[in-house]
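Me: Please take a close look at one part of this model, the aromatic side chains, and then set that part in its surroundings. I would like the cut-offs stated as you go.

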Amino acid sequence: MKLLKVLAPVAALIALPTLGLAQDDGPVAGVNASTDTVFILNSLLFLVGGFLVFFMAAGFAMLEAGLVRSKNVAMQCMKNIALFSLAAIFYYLIGYNLMYPLGTWSMDGVISGVWGPGVLEAVGVTADAADDYGYASTGSDFFFQLMFCATTASIVSGTLAERIKLWPFLIFVIVLTAFIYPLQASWKWGGGFLDEAGFLDFAGSTVVHSVGGWSALAGALILGPRIGKYRDGMTIPMPGSNLTLATLGTFILWLGWFGFNGGSQLAMGTVGDVADVSRIFANTNTAAAGGAIAALILTQIMYKKPDLTMVLNGALAGLVSITAEPLTPSLGAATLIGAIGGIIVVFVVPMLDKMKIDDVVGAIPVHLVCGIWGTIAVAFTNADASFGTQLYGIVVVGIFTLIASGVTWFVLKLVMGIRVSEEEEITGLDMGELGMEAYPEFSKG
C-alpha cells in the first residue's frame, strides 16, 4: 500500500503530458501532436521499408552466386557489393534531384531543372524547419528511394554473368543509377508527363523492374552468349553451383519485397494507411506463392519433373507481377496475377534460348516480361487505370531504356571492350578478373 501511495503521483505526472496538458493544465506550446505523428510514422515506414529493400541486395547476391558456376561466384559477389555502393554514391550526387524536380523542370515534365547532390535536413531539425513537416523527413525519403535505384542495377548483374568484364559493367551501373533510372522515374514518380497522363505503377513493375530488364536485354544482345551455351542448334545446360544459396536468395528477396511494396504506400499516419500497408503485405505474399506453385505444376506437366530454378523464378515473377498494383486486388486476384507471372517465366526462359539470348539467372523473363505483365494487370483491378495508358507507359519507358542502355553498352564495347577473353571465360572470372576463388578448397581437390 505504501508503494502504491508513492507511485500514484508519479503516474499522474506521466499521464498529463500524454493527454497533451502541462502540469498547470495549459496546452503544450509549439507541438502539433497529430502532424508530429504523421511525420514520425511516415518516416519510420520509409526507414523500415528501406532496410528491408536493402536486404534484397543480399538476396540478389545469393541468388546469382547460386545460379552461376562455381568459377564465377566471387565475381558475382564483387559485382553486387560494388554496384550497390556505386548506386548509393551516384544517386546521391545526381540521381535523387534528377528524379524529384519538385516542380522545377528545365523541360516541363521531361527533364529536371535540379542538378546537384541531395541535401539532408539539419541535425536536430525542428518541426518549423523540416523540409516537409506534413509528410516525412528528407533523409528517410532519400534512403528509401535509393534502395529502388540500387535494385534496378542488381537486376542487370545476373543476366550478364560469367562473361562480362568488371569495370565496364560498373561504369554502366554509374550511368544507369545517375541518369537512366532517375530520368525515367521522374516521368512517373517525380510528377512528370507519364504521371500526368494517368499511368499507374504503384511500386515499380515498369519504373524499376522492366528498366532493369531492358538494360539487361540490351547488354545481353551486345555481349553475346557464353562460350558453348548454344551449339549445333541445341541449348547446352550450364547448371548453377549451389541451389541452396539460390533458394536462400529467393527467400531473402521475398522478405525484402514487403518493404518494397509496403513502403510504397508512402504513408502510415492514419488507420486507413496502416490497413492498406497490411493489405499490400498480404497481396505481395500470395502473389509470390501463386507464381511458385504455378511454375511447380507447369514444370511437372511439361518436363515430368519439377524444376527448382523455375519455381524460384516463379516466386520472383509473382512478386514482380504484383508490384505495379499490390493494393487494389483481392487475395484471389493477387494470387492469379502472380500465378500468370510464374507461367510466363516457364515459357519465356526456353523462348530466349531459342533466340540465343543468354540470360544466366532468368532476369529478363522475371523482371522485364513479368514487369510488363504486372503493369498491364493494373487495369484489371484498379478502376483508375486504362489499358491504353498502361501500354503507353510501358512503351515509352521501354524505348527510352533500350536505346539509352544500348548506346551506353555499345560505347563501352568500342572504347574499352566489355567481354573477357576466351581463356578467362573458360578459366572463370574469379581467377581471370579477381585472382581469387569463392571455393578454393574445392578447386584444389
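Reply: Phe 54 has a relative accessibility of 39%, so this ring counts as partly exposed, whereas Phe 84 is buried at a relative accessible area of 16% (buried is under 20%, exposed over 50% and partly exposed in between, with a 1.4 Å probe and protein chains only). The model is predicted, so local features need pLDDT of at least 70 and side-chain atom pairs count only at pLDDT 80 or more, while totals for chains, interfaces and linings use all residues. Residues are numbered from 1 along each chain as its sequence is written, and side-chain values use heavy atoms, with hydrogens and water left out.

Rings of Phe, Tyr and Trp (its six-membered ring) pair when their centres lie within 6.5 Å, with planes under 30 degrees apart called stacked, over 60 edge-to-face and the rest tilted; the count comes to 19 aromatic pairs. Phe 54 and Phe 84 form one of them, edge-to-face, with 5.1 Å from centre to centre and 75° between the planes. Because Phe 54 lies in helix 2 (residues 33–67) and Phe 84 in helix 3 (residues 73–99), this pair ties together parts that are 30 residues apart in sequence; helices here are DSSP runs of H or I with at least four residues, strands are E runs of at least two, and both are numbered from the N terminus.

Trp 187 and Phe 193 make a tilted pair, with 5.1 Å between the centres and 45° between the planes. Trp 187 counts as buried at 6% relative accessibility, while Phe 193, with a relative accessible area of 22%, is partly exposed. Phe 46, Tyr 135, Phe 144, Phe 148, Trp 189, Trp 257 and Phe 260 form one aromatic cluster. A charged side chain also meets a ring: Lys 79 lies over the face of Phe 169, at 4.8 Å from the ring centre (the rule asks for NZ of Lys or CZ of Arg within 6 Å of that centre and within 35 degrees of the ring normal).

Aromatic residues also take part in a nonpolar patch on the surface, whose members include Trp 167 and Phe 410 along with Ile 171, Val 395 and Leu 414, and which has about 1,100 Å² of accessible area together. Patch residues have over 30% relative accessible area and no salt bridge, like charges being joined within 9 Å and nonpolar side chains (Val, Leu, Ile, Met, Phe, Trp, Tyr) within 5 Å; a salt bridge is a Lys or Arg side-chain nitrogen within 4 Å of an Asp or Glu carboxyl oxygen, and areas come from the Shrake-Rupley method with a 1.4 Å probe, only the protein chains shown counting as cover for residues. Helix 5 (166–188) and helix 13 (387–415) are the elements that give two or more residues to the patch, and helix 13 gives the most, with eight. Leu 414 belongs to helix 13 and counts as exposed at 62% relative accessibility.

As for the wider setting, the unreviewed UniProt entry places the feature "domain: Ammonium transporter AmtB-like" at residues 46–439, with positions in the numbering used here, feature names shortened, and annotations that may be inferred rather than shown by experiment. Over residues 46–439 the chain is 69% helix and 2% strand, and the end C-alpha atoms are 38 Å apart.
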